[in-house]
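Reader: I'd like a close look at one part of this model, the smaller details included. Could you take me through it in one go?

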Amino acid sequence: MELTYLLLAISMLFALIATYIAIFEKNLVKAVIFSALQSISFALALYLLRAPDIVLVYLPITVGVYPAAILFLIRKTEEVEEV
Amino acid sequence: MRKDLVVAICLAIVIVIISYIVTLGGGLGPLFSDVRPLATVYLGTTFNTSNPIFTAMSPEAVTAIVWDYRGLDTLFETAVFYLAIIGSVAIYRGINEKLRISMGFGLSKIVKVVTKLLIPMNIAVATSIALHGHLTPGGGFQAGAAMAVIPMLLVVVFSRYFLLDIRLSKDLALTLRSIGLLGLALTLFTPVVIGLINGLNAYIMQNQAKINAPVSLPAFVGGSLISGSLIMYNVSEFLAVSFGFAILFILLSIEEGLVKDQMRGEGVEH
C-alpha cells in the first residue's frame, strides 16, 4: 500500500517535471520528447491506480501516435519557437 | 531564472497539497482498500450465469460497460472518430498519393532490421488485445491504437514509399475501415433481425436476454466464452480504428511539395 503511494508520487513528480520542461522548451522537437516522457509516467500512474484498460490505449496513443503526428506537423513549420 | 524557480516552487506546493488531499487526506475516500457501491453493482452482474436477465456474460467489466451497458456511447464515439478521419480525407481530396517525387531510403539498416522484428510481435499483441477484449483488459479501441503504431513505424523507418510498395494505399485502408464499420452495424441489428424472424421482442445493440426481450446472442461457442456480441464489436472496432489511423499517417506523410503542385494543377510526371 505504502509502496503504491510512493511509486504514484514519484511517477507524478516525474510527470510534473517533464511537463514543466516541455512547456518552457524552445526547441519543439525536444518539447515533444519531454511530453512523451510525461505520458510514460502517466501510464505508470494509471497502472498503479488499477486502470489497465486505459494504460493499453494510453501508451500507443501518447507515446507512439501523438508524438509522431506532432513531429510531422513540426516538420511542416519551424523547429525552434521564436517569442 | 529566478522567476522560473518561483514558478516551479509554487507548482510543487500546489501539487503536494492536492495530492495530500486526494490520497492520505481521504478527499476521494479510500483509494485502494474497498470496492465502491457502484462498482459492486457492475461486478455482480457482468458475468453472472445464475442471473441471466441482467448479465452481460463477460468477465471483463470495462468491455461489458463499453459495449453492452453503455453501447450507444461507444457507438457515437466511433462516429466522432469516423468524422475526424473523413474530414482529413476531405482535406486531401484530389491529391494522388501514388506519385513519387523523390527516392525514399528511410533510416539505417540497423533500425530497419529491428523494426522488421518488432512488427510481427506488434501485430500479435494487437490481435490478442482485440480477440481477448471480452476476457482480459483491452478491447477494440485499445487494439486499434496498438495496431496504429505499425503504419507510423513503417512510414518513419522505411519511408512512405514502402507502404505504396506493399499496396497499403489510402483507398485500401478506407475499404478495410468501412468493412469494420459495416461489421459494427451488422452486429448492431443482428438481435433485431433474429427477433423479427422469430416474432420476438428485441432491442438494437442487445447482447443477452432481457425481461421483455428474450433474444440472446450466443455467449459460448464450442465451449469457449465469446460473450455474445462483444467479440464482434471488438474485432470490428479494431479494424475501423487501426485502418483509420493508417489513413491519417498515409495522408500526413505525403510530401508538401507534391500536395502544393497538385493543388496548383501541375501534374508531376514520373
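Let's make it chain A: among contacts between residues at least 6 apart in sequence, what percentage join residues at least 24 apart?

Author: The answer is 56%, counting contacts in chain A between residues at least 6 apart in sequence. Keep in mind that this is a predicted model.

Here's the overall layout. Chain A has 3 helices and 0 strands, so to speak a plain α-α-α pattern when you read along the sequence. The C-alpha trace spans about 45 × 25 × 10 Å along its principal axes. Of the 83 residues in chain A, 19% are buried.

Now for the pair of helices I'd zoom in on. H2(A) covers residues 28–48 and H3(A) covers residues 52–76; their axes come within 9 Å and cross at roughly 175°. Angles over 145 degrees count as roughly antiparallel, which means H2(A) and H3(A) get that label.

Who meets whom? On the H2(A) side you'll find Leu28(A), Val29(A), Val32(A), Ala36(A), Ser39(A), Ile40(A), Phe42(A), Ala43(A), Leu46(A) and Tyr47(A). Facing them from H3(A) are Pro52(A), Ile54(A), Val55(A), Tyr58(A), Leu59(A), Thr62(A), Val63(A), Pro67(A), Ile70(A), Leu71(A) and Ile74(A). If the spacing in those lists catches your eye, recall that an α-helix has 3.6 residues a turn, so residues three or four places apart point the same way. Sorted by class, the H2(A)–H3(A) contact comes out at 19 nonpolar, 2 polar and no charged residues.

Chain A also has a partner to deal with. In chain B, 23 residues are in contact with 19 residues of chain A. On the chain B side, the elements giving two or more residues are helix H1 (2–22), helix H6 (140–158) and helix H9 (230–252). H6(B) supplies the largest share, 8 residues. By class, that side of chain B divides into 16 nonpolar, 6 polar and 1 charged.

A few words on chain B itself, while we're there. Its domain assignment gives domain 1 (1–34) and domain 2 (62–264). The centres of these two domains of chain B, taken over C-alpha atoms, are 39 Å apart. Helix H10 of chain B, residues 256–264, is hardly covered, with 0 buried residues among its 9. After H10(B) comes Gly265(B), with a positive phi near 90°.

Methods: Residues numbered from 1 in each chain as written. Chains lettered and ligands numbered in written order. Predicted model: local features only at pLDDT ≥ 70, side-chain atom pairs only at ≥ 80, totals over all residues. Domains from an automatic or database assignment. Contact = placed C-beta atoms within 7 Å. Helix = DSSP H or I, 4+ residues; strand = E, 2+ residues; numbered from the N terminus. Nonpolar A, V, L, I, M, F, W, Y, C, P; charged D, E, K, R; others polar. Axes fitted to C-alpha atoms, helices over the stretch in contact; angles between N-to-C directions. Parallel < 35°, antiparallel > 145°, perpendicular 65-115°, else oblique. Buried ≥ 20, exposed ≤ 12 C-beta atoms within 10 Å, placed from the backbone.
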